[in-house]
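Colleague: I am new to this structure and would be grateful for a close look at one part of it. Please begin with a single residue and proceed from there to its surroundings.

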Amino acid sequence: MKVWIVNKKKIKKLVVKVAWFENGKEKTQTKESFNYNEKKKAEALKITLQNKEKIDAVDQKITFNFAFNEYFKVLNNDPDTSSKYKDMQVSYITNHVAPYINKEYLSDYLLSDFIETTLIGIKNSKRLDWRTKDGKGYYVKRAEAIGKVTIKAVVLEFKKFVNWCNSHKYKIDYSIANFKFPKNYFSNYTKQIAWMPTTPQLLAIVNKEPDIKLKTFFKCAAETGVRLNELLGICYESVDFNNGGIHIDHSIDNENKFRPYKVKTSRRFIEISDELLELFSIWMKTQIFPVTHRNVIFTNPTNGKVEKRTFKRVFNISGSRANKKIKQCAKLLGIDWQNGMSPFRKWSISRMQELKILTEKQMDDRFANSKEIRDSNYIRDLNLNEKQRKTAINQITKG
């Protein structure tokens, strides 16, 4: 960066200017003008600017609108991130951050602006639900505010944006990237409890479904508690009729692409009921057009070798279609189903917990998570002992 004083004789002014190279081109900027009798001030400003880094010496006029759009281009061009996750990153900033930015230029935005204005706006921002139509995904706003988990996720995405600005030498208060929530920040925050169907409602859907494919699908979800992407990844080879269970080896990603020998946490074997095995047998024999993935190249986790072969999936349905189908089936039974397939996993974990037939190690292996995670995120009181409880209560004061 170069700093010098220009003598503007026509207007009788001393002008302090800076010049620097950006993308191979020289750019200049006028910093301040002085009268002839203020030469010492001009010289002092010149020396001050010479001792500064370019980012501090140059008055950047980069708007948040411009920076956000440039950042979104980088996100969308990332080949290692799924399109749904990219949409989520962009949506977090577009819907939960951008509306609460109170300065036009990055250089004017401080940590105090983030804490006193933007963060308050984020806390009061409305929830978004993911929808798909004609193969395209989009978000829609709901009436209620976002929860604690989403607030933290939104702040994290904004901090990523600030770090990106830093890497591009965009002037912004970089201390925002180091922001941490105070210890008791969420102490008065009421945890939002996700909707859950009652046990009679869930069992009605499982037992009264007339379609053999959906009956197998729902019963498997309820018995095993596997994640939806794991449920959709079950292949013909996964069903082990000899040992009475299914191998959770494969999964489906957010774009409905098959992932051989890839699951979120751990590959595992899950025991299932004889009734569910029979349903699998009937459906697998009667299915005419199963989803078939041919010539799939993958690394065999058993021997570490790269192999190529065909996989035939049990359920020819996508994740978004499954979430819609459960609502439709519930509606036919007069049940207002408010979530997709996720309640099946919560119910299954809660049911096994109440039955107390598995050790903690067996629970960990079956559901591929820890007791701490189950207790904080999954366990619900299914109220299955209501009759026995009321009978016992009626006997409390009797002799």
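With regard to Cys 220, does this residue count as buried or exposed, and at what relative accessibility?

Modeller: The model is a predicted one, and every value that follows is computed from it. Cys 220 counts as buried, because its relative accessibility is 0% and the limit for that term is under 20%. Cys 235, in turn, has a relative accessibility of 1% and therefore also counts as buried. Burial does not bring the two sulfurs together: the cysteine sulfur closest to that of Cys 220 belongs to Cys 235 and lies 13 Å away, which is too far for a bond. A disulfide would require the two sulfur atoms to be within 2.5 Å. Accordingly, Cys 235 takes part in no disulfide either, and the structure as a whole holds zero disulfides.

The nonpolar interior may be considered next. The largest nonpolar core has 48 residues, and the members that touch the most others are Phe 218, Phe 280 and Phe 344. Among the elements that each supply at least two residues to this core are the helices α7 (199–208), α8 (212–224), α9 (228–232) and α10 (274–286). The strands β7 (245–248) and β11 (292–299) do likewise, as do the helices α11 (319–332) and α12 (342–355). Setting aside residues up to four places away in sequence, Phe 218 touches Ile 205, Val 206, Glu 209, Ile 326, Cys 329, Met 341 and Phe 344. Another core, of 33 residues, lies apart from this one and includes Val 90, Val 154, Ile 176 and Phe 179.

Two of the contributing helices pack against each other. Two packed helices are described by the angle between their axes and the distance between the axes. For α7 and α12, the angle is about 115° and the axes are 12 Å apart. Their crossing is left-handed. On the α7 side the contact is made by Thr 199, Leu 202, Leu 203 and Val 206, and on the α12 side by Pro 343, Phe 344 and Trp 347. Phe 344 and Val 206 thus appear both in this helix contact and among the residues touched by Phe 218.

Helix α12 also contains Lys 346. This lysine is buried, since its relative accessible area is 13%. Apart from neighbours within four places in sequence, Lys 346 is in contact with Ala 194, Met 196, Asn 377, Tyr 378 and Arg 380. From Ile 282, Lys 346 is separated by 64 residues in sequence and by 27 Å in space, C-alpha to C-alpha.

Strand β7, which also supplies residues to the core, belongs to an open sheet of three strands in the order β6-β7-β10, with antiparallel pairing. The edge strands are β6 and β10, each of which pairs on one side only. Between β6 (residues 239–240) and β7 there are two bridges, and Asp 240 stands opposite Gly 245 of β7. These two strands form a hairpin with four residues between them, and Gly 244 in the turn has a positive phi of about 70°. Between β7 and β10 (residues 268–271) there are four bridges. Here Gly 245 stands opposite Glu 271, while Ile 248 stands opposite Arg 268.

In a regular strand the side chains alternate between the two faces of the sheet. Along β10, Arg 268 and Ile 270 point to one face and are buried, whereas Phe 269 and Glu 271 point to the other face and are not buried.

The backbone deserves a final remark. Most residues other than glycine have a negative phi. Tyr 261, although not a glycine, has a positive phi of about 55°. Tyr 261 is placed in the loop between β9 (258–259) and β10, and at 19% relative accessibility it counts as buried. Lys 12, likewise a residue other than glycine, has a positive phi near 55°. Lys 12 is found in the loop between β1 (2–8) and β2 (13–22), and with a relative accessible area of 56% it is exposed.

Technical notes: Residues are numbered from 1 along each chain as its sequence is written. This is a predicted model: local features need pLDDT of at least 70, side-chain atom pairs count only at pLDDT 80 or more; totals for chains, interfaces and linings use all residues. Side-chain values use heavy atoms; hydrogens and water are left out. Buried means under 20% relative accessible area, exposed over 50%, partly exposed in between (1.4 Å probe, protein chains only). A nonpolar core is a set of buried Ala, Val, Leu, Ile, Met, Phe, Trp, Tyr and Cys residues joined through side-chain atoms within 4.5 Å. Contact means heavy atoms within 4.5 Å. Two strands pair if DSSP finds at least two bridges between them. Axes are lines fitted to C-alpha atoms, for helices over the stretch in contact, and angles run from 0 to 180 degrees between N-to-C directions. A crossing is left-handed if the near helix is turned anticlockwise from the far one by less than a right angle, and right-handed if clockwise.
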